[in-house]
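Subject: Structure handover and notes

Dear colleague,

Here is the structure I promised to pass on to you, together with my notes on what I found in it. Please have it open while you read, since the notes go from place to place along the chain.

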Amino acid sequence: MKKILSILGLAYSVFCLSQKKEMADAFKIKDYTEALSLAHKVLETDPDDFKTNLIISSSYNSLGDFKNALLYSVKLENIAKTDEEKSWTWMQLTVLNYGLGNKEASKKYYEKAKSVEQTEKSAAELDTLGRLLGLDKFYNDWVIVETENMIFHFESSVNKETIDRIVKTRQRAFVKINEFFQVDLPKKVDFFVWGSNDIYNEFLKRNLGFTVPDYLVSHNRLNQAPGHEIAHNLSFRRGSKGKKTRLINEGIGVYFDQNEYDKLVAAKEAYKKNPIDIKKVWAENLNVKSETLYPVSGAFVQTLIDYDKAKFLELNNNQTYENAKNIYGDKIDSLIAKFIRQLK
């Protein structure tokens, strides 16, 4: 009997380890919905497992579901024992409070996370958060301007005339774009404006501009289109928390950039220089150079919206070609073919 129980115990242990591995693998590839599904199953048998609760909290945060993340982050505080576990816990509380607009609480947890001994990995993650969210002391002398929907953060070198222009045009862009997406945000968009037009930013260690829609944060060059990054924030909140593709996601940014020019003409010029297989690029989510992808994708998104706005908003929930086939049926292939004929 003891032998049978030992065998059953071993089998059960192996099964639990398998579930945890699948959960971790899903989280690594940013399939947060699957990671959550697997993690909740793990909790049924191991409710106080730190890593599982951390993955749940982080997955909810990455999906912008901060209210659910709060429940598991508070739980992490109760079960965290080592400095490393406390550091990861306070990072979760940093981002979820930031995502809810509780800036003072976010700053408090950021400082708490910095106060304990960290591993190289957790220290790097915390450093990245401080830079992305504006919590690092580097931002202490930045100029802050708040409007109805946005909080602007300007590098101190940006002059008042430029600040006034950007605040006015971006707030107007927000209102215009949200007429389409019609979303209520959990906080205002934090819109960082750097005092140059350099593509690569040494402090952020990445190219400008970009958006981290989980936390409604954008980092921008001075000469960026008014609406591009704002559109990424709003489309994410409307429903594109599922799978994204560069063709559709960047197409949204370009279509809603609020610059007045003929999107189809721009797409034709780009396509003639570098013809691409749009269906293949979309289906395989290929990494096409931005000078081709951006104008072509912007005009393609325009085509889809003009055809059926409701279907496009459904596609926004899951931007893959496979999902487009579910939504549009065979019509999607004829829309692609027609669009390509317009480009030639």
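To begin with the strands, β1 and β2 form a hairpin in which three residues lie between the two. Please keep in mind throughout that this is a predicted model, and that the values below are computed from it.

Within that hairpin, strand β1 (residues 143–146) pairs with β2 in the antiparallel sense, over four bridges, and glutamate 146 is the residue that stands opposite isoleucine 151 in β2. On pairing with β3, β2 runs in the parallel sense, over five bridges, and here isoleucine 151 stands opposite aspartate 190. The connection between these two strands deserves a look on your screen, because β2, helix α8 (residues 160–181) and β3 make a β-α-β unit that is left-handed.

How many of the residues of strand β2 (residues 150–154) are buried? The count is five of five, so that the strand is mostly covered. Met150, Phe152 and Phe154 point one way from β2, whereas Ile151 and His153 point the other way, and all of them are buried.

Aspartate 190, which I mentioned as the partner opposite isoleucine 151 in β3, also takes part in a salt bridge with lysine 103, where the closest N and O atoms are 3.0 Å apart. This pair links distant parts of the chain, with lysine 103 in helix α6 (residues 103–115) and aspartate 190 in strand β3 (residues 189–193), 87 residues apart. The two ends differ in their exposure: aspartate 190 has a relative accessibility of 0% and therefore counts as buried, while lysine 103, at 26%, counts as partly exposed.

The structure holds 16 salt bridges, and I would point out a few others among them. The side chains of lysine 20 and aspartate 49 meet in one, at 3.5 Å from N to O. That pair, too, links distant parts of the chain, since lysine 20 is in helix α1 (residues 2–28) and aspartate 49 is in the loop between α2 (32–45) and α3 (50–62), 29 residues apart. Lysine 20 is partly exposed, with a relative accessible area of 23%, whereas aspartate 49 has a value of 17% and is buried, because buried means under 20%.

A further salt bridge is made by the side chains of aspartate 257 and lysine 263, at 3.3 Å from N to O, and both aspartate 257 and lysine 263 are buried. In addition, salt bridges that share partners join Lys279, Lys325, Asp330 and Asp333 into one network.

Some places in the backbone may also be worth your attention. Which peptide bond is cis? The bond from leucine 208 to glycine 209 is, with omega near -10°, and glycine 209 has its place in the loop between β5 (206–207) and β6 (210–212). Lysine 205 has a phi near 60°, a positive value in a residue other than glycine; it is found in the loop between β4 (200–201) and β5, and its relative accessibility of 54% means that lysine 205 counts as exposed. Glutamine 258 likewise has a positive phi, near 70°, in a residue other than glycine. Glutamine 258 lies in the loop between α10 (246–255) and α11 (263–273), and with a relative accessible area of 32% this residue is partly exposed.

Finally, there are two residues in helices whose contacts I looked at, leaving aside residues up to four places away in sequence. Asparagine 97 lies in helix α5 (residues 83–99), and counts as buried because its relative accessibility is 9%. With sequence neighbours up to four places away not counted, asparagine 97 touches Asn102, Ala105, Ser106 and Tyr109. Threonine 303 has its place in helix α13 (residues 290–307), and, on that basis of leaving out residues up to four places away, threonine 303 touches Phe339 and Gln342. The C-alpha atoms of threonine 303 and lysine 338 are separated by 9.6 Å, although these two residues are 35 residues apart along the chain.

With best wishes

Terms used
Residues numbered from 1 in each chain as written. Predicted model: local features only at pLDDT ≥ 70, side-chain atom pairs only at ≥ 80, totals over all residues. Heavy atoms only, no water. Contact = heavy atoms within 4.5 Å. Buried < 20%, exposed > 50% of the residue type's maximum accessible area, 1.4 Å probe, protein only. Salt bridge = Lys/Arg side-chain N within 4 Å of Asp/Glu carboxyl O. Pairing = 2+ DSSP bridges.
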